[in-house]
Amino acid sequence: MQPASMLVGGAWVDAVAGEREDVTSPFDGHIVGTVPVARAADATRAIDAAVSGFERWRRTPAHERAAILMRAAALADERAEEIANIMSGENGKSLVEARGEAGRSGEIIRLSAFEGSHLYGETLPLDANKGTGFDKIGFTIRQPVGVVVAISPFNYPALLVLHKVAPALAAGNAVVLKPARSTPLTALAVAQCFVDAGLPNGVLNVVTGPGAEVGDALVRDQRVRKISFTGSTAVGEHIASIAGIKKMSLELGASGPVIVLDDADIEAAAHSISLGGYINAGQVCISAQRIIVAESIVGDFLDALTPKVQAIRVGDPFAADTMVGSMISRGEADRVTASIRAAVATGARLVTGGEQDGSIIQPAIVADVDPYSPFAQDELFGPAVAVSTARDVNHAIELANSTAYGLGAGVFTNNIANSIHAIREIESGVVHINWTQLWRADLMPYGGMKSSGIGKEGPRSAIAEMTEVKTVIMHGTPWTQNQ
Ligand code: NAD
């Protein structure tokens with residue numbers, strides 16, 4: 001186990017005050033590494049480095065930026081197994097899931113490099129504006145915003161770091177990354193790929209430490225032009241309240257609905273929900289949390305879902321047959337257990353699962369859930385689904401829209417009219433027909449409505465939000481004078 005350092009100005013450094021802390025396995029508590037504990041002074045130092053890194057990077061042609069990113073992508077591919085092991089160690093997710101996540105890293109970087117080579121502008125048809133003739137030419141150019149602060153959560157410690165860092169760098173920005181306190185080692189291993197690929201000093205900086213102190217210092221700094229945050233709605237609201245005038249994308253929490261209508265393929269719906277409700281121990285913003293089933297088929301649906309959920313193997317993240325590992329901490333597992341107990345105490349029925357052993361929870365199905373109760377309305381972020389019933393498609397959509405959130409939704413139906421109705425009416429950033437919301441192609445626009453946030457990720461969307469459009473007007477001799 002190597003003590004890790006932070007990345008500031010191209011150097012691997014300790015915190016200014018010299019503090020360090022352990023990173024531990026949420027599964028068995030063993031120490032997997034140590035990292036510096038950054039404070040506000042470290043945040044300022046990282047932004048200083050990013051400001052000078054940006055001066056060089058913004059003058060680096062797109063083809064040179066793309067070449068460096070392509071080398072970083074190749075390194076991320078080469079190191080995928082090593083990164084997966086680091087991730088399982090500090091996050092507790094199964095090695096199978098970690099391999100899946102690490103295996104996407106190279107592709108996210110490549111997709112970003114491609115989009116960073118397509119910073120097109122447009123020509124403006126100024127003569128269509130009354131009073132303007134052919135004497136002027138107008139067009140737009142896209143330029144990087146400058147310093148981007150990327151703040152990421154624990155649940156996908158490589159993927160969600162790369163969905164910020166790769167598009168930001170591809171577009172010519174400098175970045176200060178603050179990864180989740182519980183999963184800094186994955187972020188540092190990912191950053192190493194960019195350094196080894198030849199990224200100039202200061203263009204990517206990584207500070208590890210407490211969100212409240214380091215995050216606040218980064219968010220408040222007036223030299224930062226864009227904040228790209230993924231995390232809880234509470235922290236997102238706080239960031240929005242202190243950031244000042246900056247571009248901002250906030251990818252926040254959810255309580256994702258899945259509708260199963262009476263004309264759906266019940267077996268297919270149950271299969272998809274047995275994945276979508278439990279992958280990553282339910283710690284996914286697009287987890288299938290609220291299952292809203294047509295009254296007439298709820299018995300058959302539960303009969304189909306129960307054995308599939310019981311077949312999910314949970315346990316030691318590194319065991320070959322483990323599909324789902326531990327939650328991020330014992331405290332989080334205690335919180336989910338308490339939520340399930342509170343739901344059952346107020347009339348819901350535990351169909352299966354819910355037993356807790358340290359930070360592991362057996363995948364649970366909770367039925368007869370009041371769709372307006374906290375168990376449905378609040379984000380659970382754990383391995384359980386809440387099953388409620390709906391009278392018809394309109395009632396199901398009403399329930400789907402009944403929470404503060406709107407990130408992802410799934411609808412199971414074989415009726416085209418119902419599909420179209422649901423696509424139009426569901427308040428959600430992404431809608432899936434005949435799959436749950438737990439599905440993402442890295443290139444697609446991805447982001448929420450309502451309290452699930454603002455802005456979209458996915459390389460093309462992220463680059464649009466990490467660049468400024470500059471309008472240019474060239475004034476020539478008035479046209480009429482030349483006649
Ligand atoms: P969190 O909000 O606790 O932390 C996220 C990040 O914010 C961490 O790096 C943390 O250190 C930092 N932070 C904490 N306080 C801060 C402050 N005052 N200023 C700036 N930064 C601060 O979230 P988490 O527990 O790591 O992740 C789980 C949450 O993330 C869930 O709510 C989940 O839905 C959400 N999430 C959303 C998406 C999405 O795409 N919408 C994806 C993944 C996770």
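**Entry 1. Helix 5 and helix 6**

I began with helix 5 (residues 105-116) and helix 6 (residues 159-170), which pack at an angle of about 25° with their axes 8 Å apart. The model I am reading is a predicted one. Angles under 35 degrees count as roughly parallel, and helix 5 and helix 6 are therefore roughly parallel to each other. I noted the crossing of helix 5 past helix 6 as right-handed. On the helix 5 side I listed Ser105, Ile108, Ile109, Ser112, Ala113 and Gly116 as making the contact. Helix 6 contributes Leu159, Leu162, His163, Ala166, Pro167 and Ala170. The spacing recalls a general point: an α-helix has 3.6 residues a turn, so residues three or four places apart point the same way.

**Entry 2. Helix 8**

I then asked which residues of helix 8 (residues 211-220) are buried. They are Val214, Gly215, Asp216, Leu218 and Val219. I traced what these buried residues pack against and found helix 1 (40-57) and helix 9 (233-242), together with strand 7 (147-151), strand 8 (174-178) and strand 10 (224-230).

**Entry 3. Strand 13**

I turned to strand 13 (residues 290-294) and found it mostly covered, with 5 of its 5 residues buried. Arg290, Ile292 and Ala294 point one way, while Ile291 and Val293 point the other way.

I checked the partners of strand 13 next. Strand 12 (residues 257-260) runs parallel to strand 13 and is joined to it by 4 bridges; here Pro257 stands opposite Arg290. Strand 18 (residues 384-390) also pairs with strand 13 in the parallel sense, over 5 bridges. In that pairing I located Val293 opposite Thr389, and Val387 as the bridge partner of Ile291.

**Entry 4. The sheet**

I followed these pairings outward to an open sheet of 7 strands, in the order 14-17-18-13-12-20-21, with mixed pairing. Strand 14 (349-352) and strand 21 (430-433) stand at the edges; each has a single partner strand, so one side of each is left without a neighbour in the sheet. Neighbouring strands of this sheet are turned by 25° against each other on average, direction ignored. I also found helix 12 (residues 330-345) packed on the sheet, where it touches strand 14, strand 17 (364-367) and strand 18. The direction of helix 12 makes about 25° with that of strand 17.

**Entry 5. Helix 10 and helix 11**

I looked up how strand 12 connects to strand 13: with helix 10 (residues 266-276), the two strands make a right-handed β-α-β unit. Helix 10 also meets helix 11 (residues 298-310), and their axes come within 9 Å and cross at roughly 40°. Helix 10 and helix 11 are therefore oblique to each other. The crossing is right-handed. From helix 10 I recorded Ile266, Glu267, Ala269, Ala270, His271, Ile273 and Ser274 in this contact. They meet Asp300, Phe301, Ala304, Leu305, Lys308 and Val309 of helix 11.

**Entry 6. Asp263**

I closed with Asp263, found in the loop between strand 12 and helix 10. Is Asp263 buried or exposed? Its relative accessible area is 25%, and Asp263 is therefore partly exposed. Not counting residues up to four places away in sequence, I found Asp263 touching Thr413, Asn414, Asn415 and Asn418. I also compared Asp263 with Ile47: the two are 216 residues apart in sequence and 55 Å apart in space, C-alpha to C-alpha.

Definitions and conventions: Residues are numbered from 1 along each chain as its sequence is written. This is a predicted model: local features need pLDDT of at least 70, side-chain atom pairs count only at pLDDT 80 or more; totals for chains, interfaces and linings use all residues. Side-chain values use heavy atoms; hydrogens and water are left out. Buried means under 20% relative accessible area, exposed over 50%, partly exposed in between (1.4 Å probe, protein chains only). Two strands pair if DSSP finds at least two bridges between them. A crossover is right-handed if, with the strands pointing away from the viewer, the path from the first strand over the helix to the second runs clockwise. Axes are lines fitted to C-alpha atoms, for helices over the stretch in contact, and angles run from 0 to 180 degrees between N-to-C directions. Contact means heavy atoms within 4.5 Å. Angles under 35 degrees count as roughly parallel, over 145 as roughly antiparallel, 65 to 115 as roughly perpendicular and the rest as oblique. A crossing is left-handed if the near helix is turned anticlockwise from the far one by less than a right angle, and right-handed if clockwise.
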